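These are my notebook entries on one protein chain. I set down what I looked up, entry by entry.

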Amino acid sequence: MADLIVLLRHSGKWNDECNYVDFSIEGILIKEYVSFNDLVASISNQLGIDLSSKSIKIQYKLEGNCTPMEIHNDMGYRVLNQGNIVQIDEAVQRYDSDTDDTLALDFVNSGEAIGVFELDKDLIISKTNQREVMAGQMYKDKATLKEVMENYSISQRFQFRVDRSNAVSYALLCISEYCEWRFKASSFNKLELFKVREFIDNHTCPLKDKVYEQRQASSSLIGGMIRPKLTNHKRKYTPKDIIDDVKSDLGVDVSDMLAWRAKEKEMNFLRGKPADSYKKLPGYLYTMDMTYPGSHIRMVKSPNNEFMYVYISLYAFIKGFDHCRPIVVVDGSHLKSYYTGTFVSASTLDGAGHILPLAYCVIDSENDVAWTWFFEQFKIAYGDRENMCIVSDRNESIIKSVSRVYPNVPHFACLWHLWNNVYKKFKKSHAKLSEIYFSMAKTYIQAEFDSLVEKVDIRVKEYLELAGYKK
């Protein structure tokens, strides 16, 4: 059941045009489907009306109808709350219990009305793109008001400093000590609503005080501006791009650090904090295990209950490997997220020459313990097939772990990784060297291989011999 913000207008009067004028406002919070009696009780409590000696009459006016209509039971309130009423002006009238309706209406017409009940939500500002700021405005909460004032200061090319800020008040002064500009707002009747109480929009400060770095271009303000551009996770949106966009849209120069903080805040807002994602991991793994029975899924935590490793081999991967050549290609990729780590994968080729994933895993880093754990889990899932071999780069931890977990399974160096090492280590004649290198790798004739080796630079030849021609 939703809550409704209700504004009570009081100390006003109905004019000749049947509009309630010269009023003050207070507010209450009620349930959407509150009963008429509860509504009366809430109003009387807020206005301090003693129902033992006083009564409350509630009236409202429909657009195009000058005669106020009265709510006197639950049905009347539901009609008001659920009807398609474009504009509503309601009055709450209290009167002596021994008076009749005529006298009560006389009180209204004579300007002695004490309360008005208002549901016009257009009076409450909820969007942060509000351009005009003035005393008497009502904002849905303090956060909205703060962002409106930040936007306002940037558009007007000045800076303010916070004089007071807490749960019930928000006061600003110009950054210049001798300037008359000031702004005061406070909570409205202990609700989340904030009302502008005072606003002197007159600057008497020197020009130099207005041209310092714009402090109101905060990370929160910039984050709200760039949020639509971060919804596409494939888009590359750098701090440099943010700086350019802020300069173009707001005319303000911001630092790299401010742009980076704004992006981090919005990424957390859109995708959640990384720590919260890790908390959901056990539930995710459980759901996956129930959805794909027969899979091998494991997670390891540290003694401090912190995440360390996770391994996943789905049942479809395990059954598919039975129909593929027993060649397992293993590789790792460094994660660049907040908690870093290394993503590890194992794959093979199916009969159509397409890549079939066998396992994927996240470990803390490429070390002996982590790689050993990975191959132990792989062996549990897939066993030890005849003529199986493992292919990877020449990472020492991988080579050690394979020899420990699979002592009878040969390890071979990945052709592409080895070539990248040669390319980076030896800078000359890459085109010629590439042709010889890949020809050596693809030949099945010893004589051809020996002939090609003789054409290789002596330093490259020594490096490949160290790697091992057989691998």
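**Entry 1. A loop asparagine.**
I began with Asn 305, which is found in the loop between β15 and β16. I then asked whether Asn 305 is buried or exposed. Its relative accessible area is 54%, and exposed means over 50%, so Asn 305 counts as exposed. I also looked up its backbone: the phi of Asn 305 is near 65°, a positive value in a residue other than glycine. The structure is a predicted model, and I read each value in this notebook as computed from that model.

**Entry 2. The hairpin around that loop.**
I next looked up the two strands on either side of the loop. Strand β15 covers residues 296-301 and pairs with β16 in the antiparallel sense, over six bridges. The hairpin of β15 and β16 has five residues between the strands, and Asn 305 takes its positive phi there. Which residue of β16 stands opposite Val 300? I found Tyr 309 in that place.

**Entry 3. The other partner of β16.**
I followed β16 to a further pairing. Strand β19, residues 355-363, is joined to β16 by three bridges, and the two run antiparallel. Within this pairing I noted Tyr 311, whose bridge partner in β19 is Cys 361. I then checked how well β16 is covered: the strand spans residues 307-313, and five of its seven residues are buried.

**Entry 4. A second asparagine.**
I looked up Asn 387 as well, which has a positive phi of about 65° although it is not a glycine. Asn 387 lies in the loop between α10 (368-382) and β20 (389-392). Asn 387 has a relative accessible area of 67%, and because this is over 50% the residue counts as exposed.

**Entry 5. The largest pocket.**
I turned to the empty space in the model. Rolling a probe the size of a water molecule over the atoms shows where such space is left. The largest pocket has a volume of about 900 Å³. It is lined by 33 residues, and the closest to its centre are Arg 271, Pro 274, Ser 277, Ser 337 and Tyr 338. Which elements give two or more residues to this lining? I listed α7 (256-271), α8 (274-291), β16 and β19. Helix α8 gives the most, with seven residues. I also sorted the lining of the largest pocket by class and recorded 20 nonpolar, six polar and seven charged residues. The strands β16 and β19 of my earlier entry thus return here as part of the lining.

**Entry 6. Arg 261.**
Helix α7 also holds Arg 261. I asked how exposed Arg 261 is. Its relative accessibility is 38%, which lies between the 20% and 50% cut-offs, so Arg 261 counts as partly exposed. I then looked up its distance to Ser 220: the two residues are 41 residues apart along the chain, and their C-alpha atoms are separated by 8.8 Å.

**Entry 7. An open sheet.**
I traced an open sheet of six strands in the order β9-β10-β14-β13-β12-β11, with mixed pairing. Its edge strands are β9 (124-125) and β11 (160-165), each of which pairs on one side only. I went through several of the pairings inside this sheet.

- Strand β10 (residues 138-139) runs antiparallel to β14 (residues 194-200), with two bridges between them; Tyr 139 has Phe 194 of β14 as its bridge partner.
- Six bridges join β13 to β14, again antiparallel, and Phe 183 stands opposite Phe 199 in β14.
- Strand β12 (residues 169-174) is joined to β13 (residues 182-187) by five bridges in the antiparallel sense; the bridge partner of Leu 173 in β13 is Arg 182.

**Entry 8. The chain as a whole, and confidence.**
I closed with totals. The protein chain contains 15 helices and 21 strands, and 41% of its 471 residues count as buried. Among contacts with a separation of 6 or more, 53% come from residues 24 or more positions apart. The chain averages a pLDDT of 78, and 80% of the residues score at least 70. Where does pLDDT stay under 50? I found residues 83-121, for which the model has 114 contacts beyond four places in sequence.

Technical notes: Residues are numbered from 1 along each chain as its sequence is written. This is a predicted model: local features need pLDDT of at least 70, side-chain atom pairs count only at pLDDT 80 or more; totals for chains, interfaces and linings use all residues. Side-chain values use heavy atoms; hydrogens and water are left out. Buried means under 20% relative accessible area, exposed over 50%, partly exposed in between (1.4 Å probe, protein chains only). Helices (H or I, at least four residues) and strands (E, at least two) are DSSP runs, numbered from the N terminus. Two strands pair if DSSP finds at least two bridges between them. On a 1 Å grid over the protein atoms alone, a cavity is a set of points where a 1.4 Å probe fits but cannot get out, and a pocket is an open set with protein on both sides within 12 Å along at least five of seven lines; lining residues have an atom within 4 Å of a point. Grid points are joined across faces, edges and corners, and a volume is the space filled by probe spheres set on the points. Ala, Val, Leu, Ile, Met, Phe, Trp, Tyr, Cys and Pro count as nonpolar, Asp, Glu, Lys and Arg as charged, and the others, Gly among them, as polar. pLDDT is the predictor's confidence in each residue, from 0 to 100. Contact means heavy atoms within 4.5 Å.
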